[in-house]
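Trainee: Hi, could you walk me through this model before I start using it?
Mentor: Happy to, let's open it up.

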2 protein chains.
Amino acid sequence: MAKRDGSSTLTENVTKKLRSDILSGQYEPGSPLTVSELAKGFDVSVAVVRESLTRLATQGLVLQNPNHGFSVKTASEEELNNIIQARSINESEALRLSIAHGDLTWESNVIAAHHKLSQTPEFKEANRTLAVREEWSDIHRQFHYELIAACPNPVLLDICRRLWDLSEFYRHYSTPRQQVRDGRAEHKALTDAVLSRDGDRAVEIFQAHIRLTADILFDNR
Amino acid sequence: MAKRDGSSTLTENVTKKLRSDILSGQYEPGSPLTVSELAKGFDVSVAVVRESLTRLATQGLVLQNPNHGFSVKTASEEELNNIIQARSINESEALRLSIAHGDLTWESNVIAAHHKLSQTPEFKEANRTLAVREEWSDIHRQFHYELIAACPNPVLLDICRRLWDLSEFYRHYSTPRQQVRDGRAEHKALTDAVLSRDGDRAVEIFQAHIRLTADILFDNR
DNA sequence: ATATTAACAATAATCGATTTTGTAAATATG
DNA sequence: CATATTTACAAAATCGATTATTGTTAATAT
C-alpha cells in the first residue's frame, strides 16, 4: 500500500479491503481490530486505519467502544432476524417501486444479471476456493441489486445496500452443510414475477426467499 | 475543548456538537467544512475533526469528496421527498411493531412525552430564541421516538433514528411562514390511536402527518 | 488470606508536522 | 491574442510521535 493508488485515496482503498475482508469472513466476529497492527499490515499510518474503521463502525460492520478500540461486529440469531426483517421491509418496497418505474434497459439488465447468476455454480462441487465463492457472492448481490435498481429513491436504495452488507456478514459464518441450498428456482421465479411487472407476487417470493435464508443459516428446522 | 470531558472522548464531543450545529442550521447547505478551521474553532487537532466529519459523512449529514474535503449536505425538494418516503416505510412498520409489543411502561412514556410536547410552545409567539426552538425540536423528536420505542427491532429503530436526523436537517431551512403550522391536533390523534392499540389508524395518521411536513416545507401548492 | 494501592505495559486517542493534491495566478509559447 | 505551461499557494491526506486511558501484575497493607 503506502503510496496512493490511482486517483483514489489511501483511506478508500483500506476501507474497501477491510470491508471485503470482514464480509468474506477473514476475521472472527467480535475479534479485536487493533489499529496499530492493521496499520503495520497495510503499511499505512494509524490515521488511515482509524478513519477506515470509523467508517465501517458507522455502517455497523465494526464495533467501536470508546477507549477500547474497534472489534469485528458480533453475530447472533436474533440480530440476523432483525436484519432480515428490516431488509424485508425496505427491499420489498424498493422492489415495488422498481417494478413500477423500470424501463426497457432495466428489464434487460435484470435478465442479464439473472442469466449470469443462473450460470454461475455456487457450492455444489466441493473444493471451491474462497475466490470462487466471493465471485458468486458478487454476482448474487448484483442480481438482487438489479431487481431494485429502477427504484427512484436513492435514500431507500442506500438503506438496502447497507442492510445487504449486514446480512452478507452472516453468510460466511454458517456451517458448510448450510450452504447446499440452491436458490436457483427462487431466483427464476423472482425474475419472472419482476419481468411480468407483478409487484405483489414478486414481493411475496422475495420475502419467502430471504426468510428462508435466515432459517437455513441458523438451522431453524 | 482541548481536554477530555468526563469519560467520553474528544471525538465524541466534537461529533455531537457538529451534528447539532448542522441540524440547527448553523451552516448553509453545501458550505465547505474546512478541517483545519474547525479544529481551530474547537481547539482540537485535525485528527479529531476529521474523524467526526467522517462519522457524519457516513450518516449522510456531511458530504465527503475525496481530495476535496467535506461540506455540509445539500438540500433539495426531491431528496426531502425521498427521505419522507423512507421514513414513512420504516417508521410505519416500527410503529406497528411498537403498538404490538409495547407494555404498560411504554404506554406511560408515550403519555408523558405527549404531555410534554403539548405543553411546549413551538413558534406561535415571535421572538423565539434559537435555544427555545432547539428545545422544542428535542421534545418533538422524543415524542416521535417514544411512539416507536417498543419496537423490538434495534436495526429498524436505528434506521428510523438516522432518517429522523436527515429530515430534521430540512426543518431549519424553511422560511418563517412555513413554521406556523401547529401539529398539536395531529399529535393528539396519533397518541390516541397508539394508546388504543389501533395500528392501522396510527399508521394512517402518521403518514398524513409526515407527508404534510414535506408539503409545507417546500410549499407544494 | 484477602483487600488495597502502586507500578507497569499495552493500546487507544490525540497531536503537530510533512507530503500530496487541486486551483488559480503568472509566465511563456505559438 | 489565445492557449499552453509553470509556479505558488491553500487545503486535504497522511505520517510518526506524544499523551492518556485501561487492565494487569506486583507490592504492600489489613
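Trainee: Which residues touch the most other members of the largest nonpolar core?
Mentor: A:Leu53, A:Leu95, B:Leu53 and B:Leu95 do, in a core of 118 residues. A nonpolar core here is a set of buried Ala, Val, Leu, Ile, Met, Phe, Trp, Tyr and Cys residues joined through side-chain atoms within 4.5 Å. Buried means under 20% relative accessible area, exposed over 50%, and partly exposed in between, with a 1.4 Å probe and protein chains only.

Trainee: Before I go on, what should I know about the model itself?
Mentor: It is a predicted model: local features need pLDDT of at least 70 and side-chain atom pairs count only at pLDDT 80 or more, while totals for chains, interfaces and linings use all residues. Residues are numbered from 1 along each chain as its sequence is written, chains are lettered from A and ligands numbered from 1 in the order in which they are written, and side-chain values use heavy atoms, with hydrogens and water left out.

Trainee: Thanks! Back to the core: what is A:Leu95 in contact with, leaving aside neighbours within four places in sequence?
Mentor: A:Leu95 is in contact with A:Leu147, A:Ile148, A:Leu190, A:Val194, A:Ala202, A:Val203 and A:Phe206. Contact means heavy atoms within 4.5 Å.

Trainee: And B:Leu53, where does that one lie?
Mentor: B:Leu53 is in helix α3 of chain B, residues 46-59. Helices (H or I, at least four residues) and strands (E, at least two) are DSSP runs, numbered from the N terminus. With a relative accessible area of 0%, B:Leu53 is buried. Leaving aside neighbours within four places in sequence, B:Leu53 is in contact with B:Leu18, B:Leu33, B:Val35, B:Leu38, B:Val62 and B:Phe70. The C-alpha atoms of B:Leu53 and B:Thr15 are separated by 7.3 Å, and these two residues are 38 apart along the chain.

Trainee: B:Leu33 and B:Phe70 caught my eye. What do they do in the sheet?
Mentor: B:Leu33 stands opposite B:Phe70 in β3(B). Strands β1(B) and β3(B), the latter being residues 69-72, pair in the antiparallel sense over two bridges. Two strands pair if DSSP finds at least two bridges between them.

Trainee: What is the strand order in that open sheet?
Mentor: The order is β1-β3-β2 in chain B, three strands with antiparallel pairing. β1 (32-33) and β2 (62-65) of chain B each have a single partner strand and stand at the edges, so one side of each has no neighbour in the sheet.

Trainee: Switching to chain A, how many helices and strands are there?
Mentor: Chain A has nine helices and three strands. From the N terminus on, its elements run α-β-α-α-β-β-α-α-α-α-α-α. Of its 221 residues, 48% are buried.

Trainee: How do the strands of chain A pair up?
Mentor: β2(A), residues 62-65, and β3(A), residues 69-72, run antiparallel and are joined by four bridges. A:Val62 has A:Val72 as its bridge partner, and A:Asn65 stands opposite A:Gly69. This hairpin has three residues between the strands, and A:Asn67 takes a positive phi near 65° there. Strand β1(A), residues 32-33, is joined to β3(A) by two bridges, also antiparallel, with A:Pro32 opposite A:Ser71.

Trainee: Is A:Asp165 buried or exposed?
Mentor: A:Asp165 counts as buried, because its relative accessibility is 8%. A:Asp165 is found in helix α7 of chain A, residues 154-171. Not counting residues up to four places away in sequence, A:Asp165 touches A:Arg19, A:Leu23, A:Gln59, A:Leu61 and A:Arg141.

Trainee: Last topic: at what angle do α5 and α8 of chain B cross?
Mentor: The axes of α5(B), residues 104-118, and α8(B), residues 184-195, cross at roughly 170° and come within 11 Å. Axes are lines fitted to C-alpha atoms, for helices over the stretch in contact, and angles run from 0 to 180 degrees between N-to-C directions. The two helices are therefore roughly antiparallel, a label for angles over 145 degrees.

Trainee: And B:Thr191?
Mentor: B:Thr191 lies in α8(B) and counts as buried at 4% relative accessibility. Not counting residues up to four places away in sequence, B:Thr191 touches B:Val110, B:His114 and B:Phe143.

Technical notes
Angles under 35 degrees count as roughly parallel, over 145 as roughly antiparallel, 65 to 115 as roughly perpendicular and the rest as oblique.
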